[in-house]
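Visitor: I'd like a close look at just one part of this model. Could you pick a helix and walk me through it and its surroundings?

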Amino acid sequence: ALYEHVLRVPLFVRWPAALRAGTTCDAAMEHVDLVPTLLDWADLPAAEGCHGRSRAAQLASGAGAEAHDENYAVYSGSGRFFFSVRAYRRGSWKYVYAPHGGHELYDLGRDPEERVNLIDHEAHAATRRELRGHMVEAMRRRGDPLASVAEADLGEVKA
């Protein structure tokens, strides 16, 4: 499951040359951001083909969540008992794409426990469309094998 309580895992870093002791940062960071960040701190060039982005400046400044406003999460299931799921978060909104059905849309600012699925609420149709488009673009950038499936499946997304 790609619930926020599963995805938002604290990260502790000690790098005296780059970080002031006691600095905290609430910005979301993906696993793919770790390598570019460490390379940046070590003054080494970015790894070719790496999907992540350096978060060194944000971590050093203690930037808040607004500093990195998007997150893309992947769970690739076997298909027998566990199915693949993708989640895309931008600001307080989160879209969950399940190729087997059961898409979800949450306003995490009002519903941090992800209990009220707004996917079929017409009042949020524009948000749903926007998040789907951003999610498919994130899938393409990362070479996600489900990108073409999502493009065909979601209908509202323009290729």
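Visitor: Which residue takes a positive phi just after α4?

Guide: That's Gly143, with a phi of about 70°. Keep in mind that this is a predicted model. Now step back into the helix itself. Helix α4 covers residues 125-142. At 1.5 Å a residue, its 18 residues should span 26 Å, and the end C-alpha atoms are indeed 26 Å apart, so expectation and model agree.

Next, the side chains. The buried residues of α4, meaning those under 20% relative accessible area, are Ala125, Arg128, Leu131, Arg132, Met135, Val136, Ala138, Met139 and Arg142. They take up an arc of only 160° around the axis, which means they sit on the same side of α4.

What does that side meet? The buried residues of α4 pack against β1, β2, β3, β4 (104-107) and α5 (147-154).

Three of those strands are worth tracing. Strand β1 (residues 70-75) pairs with β2 (residues 85-90) in the antiparallel sense, over six bridges. β2 is also antiparallel to β3 (residues 93-97), with five bridges joining them. You can follow a path across the strands residue by residue: Glu70 has Arg90 of β2 as its bridge partner, and Arg90 in turn has Trp93 of β3. The hairpin of β2 and β3 has two residues between the strands, and there Gly91 takes a positive phi near 65°. So you get a glycine with positive phi in that hairpin, and another, Gly143, just after α4.

Terms used:
Residues are numbered from 1 along each chain as its sequence is written. This is a predicted model: local features need pLDDT of at least 70, side-chain atom pairs count only at pLDDT 80 or more; totals for chains, interfaces and linings use all residues. Side-chain values use heavy atoms; hydrogens and water are left out. Two strands pair if DSSP finds at least two bridges between them. Helices (H or I, at least four residues) and strands (E, at least two) are DSSP runs, numbered from the N terminus. The expected span of a helix is 1.5 Å times one less than its number of residues. Buried means under 20% relative accessible area, exposed over 50%, partly exposed in between (1.4 Å probe, protein chains only). The arc is that of the directions from the helix axis to the C-beta atoms. Contact means heavy atoms within 4.5 Å.
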